[in-house]
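Please open the model in your viewer and keep the sequence beside it, since this tour moves from one selection to the next. At each stop, select what is named and then read what is there.

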Amino acid sequence: MSVNIPRGTQDILPGTVEKWQRLERIATDICRTYQYKEIRTPIFEHTELFQRNVGNTTDIVQKEMYTFTDRGDRSLTLRPEGTAAVVRSFVENKMYGDPNQPVKLYYNGPMFRYERPQSGRYRQFVQFGVEAIGSEDPAIDAEVLSLVMDIYRAAGLKKIELVVNSLGDQESRQAHREALINHFEPQIGEFCEDCQSRLEKNPLRILDCKKDREHELMKTAPSILDYLNDYSRTYFEKVQSYLTALDIPFTIDPTLVRGLDYYNHTAFEIMSSAEGFGAITTLCGGGRYNGLVSQMGGPDAPGIGFAFSMERLLAAIEAEGVEWQTDDRLDCYLVSVGEKAKDYTVKLLHDLRLEGIEAERDYQNRKVKAQFKAADRVQARFVAVLGEDELEQNKINLKDMETGEQEEIPLDELTSTLLKKLEAK
Ligand code: ATP
Ligand code: MG
């Protein structure tokens, strides 16, 4: 009986994996210039971590978690997102005591959500995210936004739109919350069950409902921006002025609330406007979470972060038709004729590789002609041919596949000659 890949997951095969590697390199290089350091947390955590900190009224906690009981009867959950674990680690490792504040971290790894799979929506997907914890300077909000925009730009995306909002501080949110309840309560019966239960628990989340998006009350709902107190308004204005100074275009959408419970002040999403990108246009989401660290038992340290999935970034790149410059040519293919020469290439190949030369030889017992064909298939720049005669005379024939030039060189100079020639290419 054959076993297939689980629904909503994918194999990333050679040919595609190089694209992932390139994007990961772009993202990590940019993180380095911005001074964000990598953090790796476990793939599973105590279920409670997500229930309490992502929030009980969110889709993630209500419907999407891969939760299991281990042999020791603990409830564990495959991580559905990265922030809760990073903040847990920040608190557990007392990173708030580090004199370098804010603590600036990035992560890159698989997340798991039990969702209905469709294009851009998987059950296992890879999120790249950053968290800056320990500063409530609006300049750090702008920095985080600028970082992700730089990654997208470096990846070649042009058709992207940054949408920002402010969810305000505690006081502003409380005032807005009451206004929302008053707005929706009279007609809440016309909304889905989830929204009905959200009305008291977290009415802001009604605005994020996917089912009731078209309801007339959604369009007339009170805007958070009208409820921001002075501090929150000034904060938001600062963030906007920094974005303008950084030449980052943005629009403000007062209905943008984000799926997770822990956000306040700055919330944002980056969308793709590429034609053919599909129904799901959100590439990246993030925002400020000032209460989360203290909620997890740490000090009152404010934080901000974002996460995007590599899958959607790749899809956006495809949709925009960005050209990939891939350089997967081989430096040198070793062709051998006869048993002795073939044996000799085992060590010769290793010598080349030790010098960083991308090299390959035949393992299929191919005839000479077929070895040359194999070298062509992998687009070898050079082919080095070793026969019994050459071996006896300590020589090897080196052919430049681009120019067709051939020369016989001393066998022990193959590595140095190749290094010189490759350098010149
Ligand atoms: P959506 O509204 O699309 O469900 P979300 O609000 O659940 O998104 P977040 O939890 O904010 O998404 O995650 C941040 C980013 O992670 C998203 O903007 C998206 O790029 C990506 N993402 C989320 N869920 C998936 C998924 N199931 N498959 C692939 N990427 C995903
Ligand atoms: Mg979701």
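Begin by selecting strand β10 (residues 282–288) together with strand β11 (residues 303–309), which pair in the antiparallel sense over five bridges. Strands here (E, at least two residues) and helices (H or I, at least four residues) are DSSP runs, numbered from the N terminus, and two strands are said to pair if DSSP finds at least two bridges between them. To look at one of these bridges, pick Gly-285, whose partner in β11 is Ala-307.

Before going further, keep in mind that this is a predicted model, in which local features need pLDDT of at least 70 and side-chain atom pairs count only at pLDDT 80 or more, while totals for chains, interfaces and linings use all residues. Residues are numbered from 1 along each chain as its sequence is written, chains are lettered from A and ligands numbered from 1 in the order in which they are written, and side-chain values use heavy atoms, with hydrogens and water left out.

Next, add strand β9 (residues 264–272) to the selection, where eight of the nine residues are buried; buried means under 20% relative accessible area, exposed means over 50%, and partly exposed lies in between, with a 1.4 Å probe and protein chains only. β9 pairs with β10 in the antiparallel sense over six bridges, and one place to see this is Ala-267, whose bridge partner in β10 is Gly-287. β9 is also joined to strand β7 (residues 160–166) by seven bridges, again running antiparallel, and here Ser-166 has Thr-266 of β9 as its partner.

Now show the whole sheet, an open one of eight strands in the order β1-β5-β6-β11-β10-β9-β7-β8 with mixed pairing. Its edge strands are β1 (37–38) and β8 (251–252), each of which pairs on one side only.

Which strand comes next, and how many of its residues are buried? Select β12 (residues 332–336), where five of the five residues are buried, so the strand is largely enclosed by the rest of the structure. In a regular strand the side chains alternate between the two faces of the sheet. In β12 both faces are covered, with Cys-332, Leu-334 and Ser-336 on one side and Tyr-333 and Val-335 on the other. Three bridges join β12 to strand β13 (residues 359–361), and these two run parallel; at Cys-332 you will find Ala-359 of β13 standing opposite.

From there, move to Leu-391, which has its place in helix α14 (residues 388–392). Is Leu-391 buried or exposed? Its relative accessibility is 19%, so Leu-391 counts as buried. Leaving aside neighbours within four places in sequence, Leu-391 is in contact (heavy atoms within 4.5 Å) with Lys-340, Ala-341, Tyr-344, Leu-386 and Leu-411. If you then select Gly-109 as well, you will have two residues that are 282 residues apart in sequence and 49 Å apart in space, C-alpha to C-alpha.

Finally, zoom out to the whole chain, which has 15 helices and 16 strands. The radius of gyration is 28 Å, well over the 22 Å that the globule rule gives for 425 residues, so the chain is more spread out than a compact globule; this radius is taken over C-alpha atoms, and the rule is 2.2 Å times the number of residues to the power 0.38. Along its principal axes the C-alpha trace spans about 95 × 55 × 45 Å, and of the 425 residues 51% count as buried.
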